[in-house]
Amino acid sequence: MDVPTWGLVIETTVGMGERKHVEATVVAHVTGSREEALGELERRARSYAPSHPLSPRRSRLLRQGDGFLLVVDGAWQSFVTRFTVAELLVDSAAPAPEPEPEPEAEPVEEPVVDTDARDADGVPVRPTWLGRADLP
């Protein structure tokens, strides 16, 4: 059974006025259970310090189904940061999996041949040149 990998996503408000918009970033990956990923996400949400507003008046961290919502009220407007955990299904930039190691070949045992053995006429059974590495 494969252990799932979870992406920790932060969507935060950036810019001011007419240029205010939301940007999303995958800040980390957690391999394990969804509960482990949510635990890590909560730790990050509690310690997160948004760049806007410059003068925060009120900050609220809310839990929702698959993450957290941080709402920070400034002097004139509110800024939202959403923390979400999502299961990673495909990653086009993931490293290639390690290839399976090749099984080690069992050593082939050479038959034991008596090099001094001779047939009935006295001719060696195994020629002396057989197996020499210095011959082509």
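Okay, a quick definition before we start: helices here are DSSP runs of at least four residues, labelled H or I and numbered from the N terminus. And keep in mind that this is a predicted model.

With that in hand, let's go to helix H1. Glu42 and Arg46 both sit in H1, four residues apart, which is about one turn of the helix. Their side chains form a salt bridge, with the closest N and O atoms 2.9 Å apart. Now look at how the two ends are covered. Glu42 has a relative accessible area of 19% and is buried, whereas Arg46, at 61%, counts as exposed. If that 19% looks borderline to you, the reasoning is just the cut-off: buried means under 20% relative accessible area.

Stay on H1, which runs over residues 34-47. Glu40 and Arg43 are both in there too, three residues apart, again about one turn of the helix. For this salt bridge the closest N and O atoms are 2.6 Å apart. Here both partners are partly exposed: Glu40 has a relative accessible area of 21%, and Arg43 has 47%. There's a third member to mention as well, since Glu40, Arg43 and Arg44 are linked in a network of salt bridges.

So how many salt bridges turn up when the whole structure is searched? Five. One I'd like you to click on is Arg60 with Asp73, whose side chains meet at 2.8 Å, N to O. Arg60 belongs to strand E3, residues 58-64, and Asp73 to strand E4, residues 67-73, so this pair ties together parts that are 13 residues apart in sequence. On accessibility, Arg60 is partly exposed at 29%, while Asp73 counts as buried at 17%.

Right, on to the core. In soluble globular proteins, nonpolar side chains tend to be buried together. In this model the largest nonpolar core has 14 residues. The ones with the most contacts inside it are Leu8, Ala37, Leu38, Leu41, Phe68, Phe83 and Val85. Which elements give two or more residues to this core? They are strand E1 (5-14), strand E2 (21-31), H1, E4 and strand E5 (78-87). The largest share comes from H1, with four residues.

Ala37 is a handy place to zoom in. Leave aside its neighbours within four places in sequence, and Ala37 is in contact with Trp6, Leu8, Val30 and Val85.

Phe83, another name from that core list, brings us to the aromatics. You describe a pair of aromatic rings by the distance of the centres and the angle of the planes. The structure holds one aromatic pair. Tyr48 and Phe83 are the partners, and the geometry is edge-to-face, with 5.4 Å centre to centre and 80° between the planes. Tyr48 lies in the loop between H1 and E3, and Phe83 in strand E5, so the pair ties together parts that are 35 residues apart in sequence. And which of these two is buried and which is partly exposed? Phe83 is buried, with a relative accessible area of 0%, and Tyr48 is partly exposed at 27%.

While we're on strand E5, have a look at Thr84, which is also placed there. Thr84 is buried, with a relative accessible area of 13%. Not counting residues up to four places away in sequence, Thr84 touches Gly7, Leu8, Val9, Glu11, Leu41, Asp66 and Gly67.

Next, the start of the chain. Pro4 is in the segment before E1 and is partly exposed, at 26% relative accessible area. What does Pro4 contact once you leave aside its neighbours within four places in sequence? Val30, Thr31, Gly32 and Glu87. You can also check the C-alpha atoms of Pro4 and Arg34: those residues are 30 apart along the chain, and the atoms are separated by 8.2 Å.

Last stop, the surface. Trp129, Leu130 and Leu135 make a nonpolar surface patch of about 300 Å². Leu130 is in the segment after E5 and counts as partly exposed, with 42% relative accessibility.

To wrap up, two pairs to keep open in your viewer: Arg60 with Asp73, the salt bridge between E3 and E4, and Tyr48 with Phe83, the edge-to-face aromatic pair. That's me done, thanks.

Definitions and conventions:
Residues are numbered from 1 along each chain as its sequence is written. This is a predicted model: local features need pLDDT of at least 70, side-chain atom pairs count only at pLDDT 80 or more; totals for chains, interfaces and linings use all residues. Side-chain values use heavy atoms; hydrogens and water are left out. A salt bridge is a side-chain nitrogen of Lys or Arg within 4 Å of a carboxyl oxygen of Asp or Glu. Buried means under 20% relative accessible area, exposed over 50%, partly exposed in between (1.4 Å probe, protein chains only). A nonpolar core is a set of buried Ala, Val, Leu, Ile, Met, Phe, Trp, Tyr and Cys residues joined through side-chain atoms within 4.5 Å. Contact means heavy atoms within 4.5 Å. Patches are made of residues with over 30% relative accessible area and no salt bridge: like charges are joined within 9 Å, nonpolar side chains (Val, Leu, Ile, Met, Phe, Trp, Tyr) within 5 Å. Accessible areas come from the Shrake-Rupley method with a 1.4 Å probe; for residues, only the protein chains shown count as cover. Rings of Phe, Tyr and Trp (its six-membered ring) pair if their centres lie within 6.5 Å; planes under 30 degrees apart count as stacked, over 60 as edge-to-face and the rest as tilted.
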